[in-house]
Amino acid sequence: MLKRIIVTLLLFVSPFLLAQNAKPHGYVGAEMCGMCHKTEKQGNQFGIWKESKHAQAYQVLLSDEANKIAKEKGFTTPAAKTPECLKCHVTAYGVDASLLGPKYKMEDGVQCETCHGPGSDYKMLSIMKDKTKAEAAGLQVHTDLKTFCATCHNSQSPTYKAGWDAVASFAKIKHDIPKAQ
Ligand code: HEC
Ligand code: HEC
Ligand code: HEC
Ligand code: HEC
């Protein structure tokens, strides 16, 4: 009898467990990360990002220069409506809309979650404090800059300059957590 109950319970519960595990992480938007990552003590990652070109990566597609590039490439749509431009200039392009939280904005261009992974499951303080838990919940911290940055900084970018140096470029956008004194 007990065995039957257990088997029935397992049959009933397991599809739910599977469904939950299979759900991809959602995008919460840079502003959400900024709630905790904007004090000087924490390293003001939000302020540093906001001042960087990455925060402008969508806006730059609205420029005449961008439309000219798109036209020369043979696209008939404006740059900001061309998938082949958007794929490197915004976060989560082409991702199912159900995975975009209320604070996600395409206008934020290349934001935290482009490089650190979608944050819906790691943004809670209890998880963020523990790197192992955060990584299990989807946090990514890339240390191989050459490989990672080259996913966008490569010759498929119409304005790419050969010899672009990922390590030297990271120095322009680095946003460390200050070491405790
Ligand atoms: C509720 C506050 C909070 C929110 C929201 C938050 N973080 Fe954090 N984050 C922290 C704390 C606290 C740490 C640990 C800082 C330390 O080690 O001193 C941390 C650490 C990190 C680290 C460093 C991990 C490591 O140890 O190398 C990264 C990267 C990071 N957060 C990215 C993000 C991103 C991206 C978002 C938005 C999706 C985000 N955080 C949202 C509080 C937060
Ligand atoms: C262009 C990619 C990129 C973007 C955008 C970006 N980061 Fe990072 N971030 C990195 C990389 C790469 C590292 C790790 C560098 C290393 O340790 O070699 C890092 C490190 C960090 C760290 C850990 C620093 C430390 O001292 O351990 C935190 C915290 C962090 N990022 C938070 C954020 C937040 C919050 C945002 C958005 C406001 C953001 N990052 C945007 C690439 C990015
Ligand atoms: C493979 C990724 C990728 C694709 C695809 C891409 N871009 Fe970019 N774009 C970048 C990167 C990375 C930069 C910054 C460095 C550089 O110029 O390569 C950039 C920079 C730019 C700039 C600013 C240049 C400057 O000198 O300030 C414009 C404008 C631009 N892209 C337009 C476009 C248009 C229009 C398209 C589509 C036809 C496009 N990009 C497709 C990655 C890409
Ligand atoms: C999702 C695509 C993407 C990734 C990944 C990415 N970038 Fe960028 N990056 C861009 C785009 C697009 C621009 C141009 C934005 C503009 O001009 O408004 C840019 C511009 C820059 C710029 C300013 C222009 C320049 O070359 O000086 C720096 C610096 C930079 N990125 C550094 C990095 C570094 C370092 C990494 C890896 C840690 C990285 N990026 C990863 C898309 C990306």
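# Ligand shells in an all-helix model

Sort the shell around ligand 4 by class and you get 11 nonpolar, 7 polar and 2 charged residues. Here Ala, Val, Leu, Ile, Met, Phe, Trp, Tyr, Cys and Pro count as nonpolar, Asp, Glu, Lys and Arg as charged, and the others, Gly among them, as polar. You're looking at a predicted model, in which local features need pLDDT of at least 70, side-chain atom pairs count only at pLDDT 80 or more, and totals for chains, interfaces and linings use all residues. Residues are numbered from 1 along each chain as its sequence is written, while chains are lettered from A and ligands numbered from 1 in the order in which they are written.

**The overall build**

- The protein has 10 helices and 0 strands, where helices (H or I, at least four residues) and strands (E, at least two) are DSSP runs numbered from the N terminus.
- Walk along the sequence and the pattern reads α-α-α-α-α-α-α-α-α-α.
- Of its 181 residues, 19% count as buried (20 or more other C-beta atoms within 10 Å of a residue's own; 12 or fewer is exposed, in between is partly exposed, with C-beta atoms placed from the backbone).
- Take the contacts with a separation of 6 or more: 54% of them link residues 24 or more positions apart (a contact means C-beta atoms, placed from the backbone, within 7 Å).

**How confident is the model?**

- The average pLDDT is 91, and 87% of the residues score at least 70 (pLDDT is the predictor's confidence in each residue, from 0 to 100).
- Residues 13-19 are a weak spot, with pLDDT below 50 and 0 contacts beyond near neighbours in sequence.
- Where pLDDT is low, don't read the predicted coordinates in detail.

**Around ligand 4**

- The shell holds 20 residues, and K53, V60, C149, C152 and F170 are the closest (a residue is near a molecule if its C-beta atom, placed from the backbone, lies within 6 Å of it).
- Elements giving two or more residues to this shell are α5 (83-89), α9 (145-149) and α10 (166-173).
- Helix α10 takes the largest share, with 5 residues.

**Around ligand 2**

- Ligand 2 has 21 residues around it, and H37, Q45, C112, C115 and D176 come nearest.
- Helices α2 (30-34), α3 (45-50) and α6 (112-116) each chip in at least two residues, and the largest share, 4 residues, comes from α6.
- By class, the shell around ligand 2 splits into 10 nonpolar, 10 polar and 1 charged.

**Around ligand 1**

- Ligand 1 is surrounded by 17 residues, with C33, C36, C112, G119 and M128 nearest.
- Two or more residues of this shell come from each of α2, α6 and α7 (125-128), and α6 gives the most, with 3 residues.
- The shell around ligand 1 counts 10 nonpolar, 3 polar and 4 charged residues.

**Nonpolar cores**

- The largest nonpolar core has 9 residues: A57, Y58, L61, A66, A70, A79, C85, V90 and V110 (a core is a set of buried Ala, Val, Leu, Ile, Met, Phe, Trp, Tyr and Cys residues joined through C-beta atoms within 7 Å).
- There's also a second, separate core of 5 residues, including A30, C33, W49 and C112.
- Leaving out residues up to four places away in sequence, A79 touches L61, A66, N67, I69, A70 and C85.

**Residues worth a look**

- I173 sits in helix α10 and counts as partly exposed because 13 other C-beta atoms lie within 10 Å.
- Setting aside residues up to four places away in sequence, I173 touches I48, S52 and H54.
- I173 and E51 are 122 residues apart along the chain, yet their C-alpha atoms are separated by 9.0 Å.
- D96, in the loop between α5 and α6, is exposed because it has 9 C-beta neighbours inside 10 Å.
- D96 and G26 are 70 residues apart in sequence and 9.5 Å apart in space, C-alpha to C-alpha.

**Positive phi angles**

- Most residues other than glycine have a negative phi.
- N44, in the loop between α2 and α3, has a positive phi of about 45 degrees although it is not a glycine.
- A92 isn't a glycine either, and has a positive phi of about 65 degrees; look for A92 in the loop between α5 and α6.
- N44 is partly exposed because 17 other C-beta atoms lie within 10 Å, and A92 is partly exposed because 19 do.

Definitions and conventions
Two residues are in contact if their C-beta atoms, placed from the backbone, lie within 7 Å.
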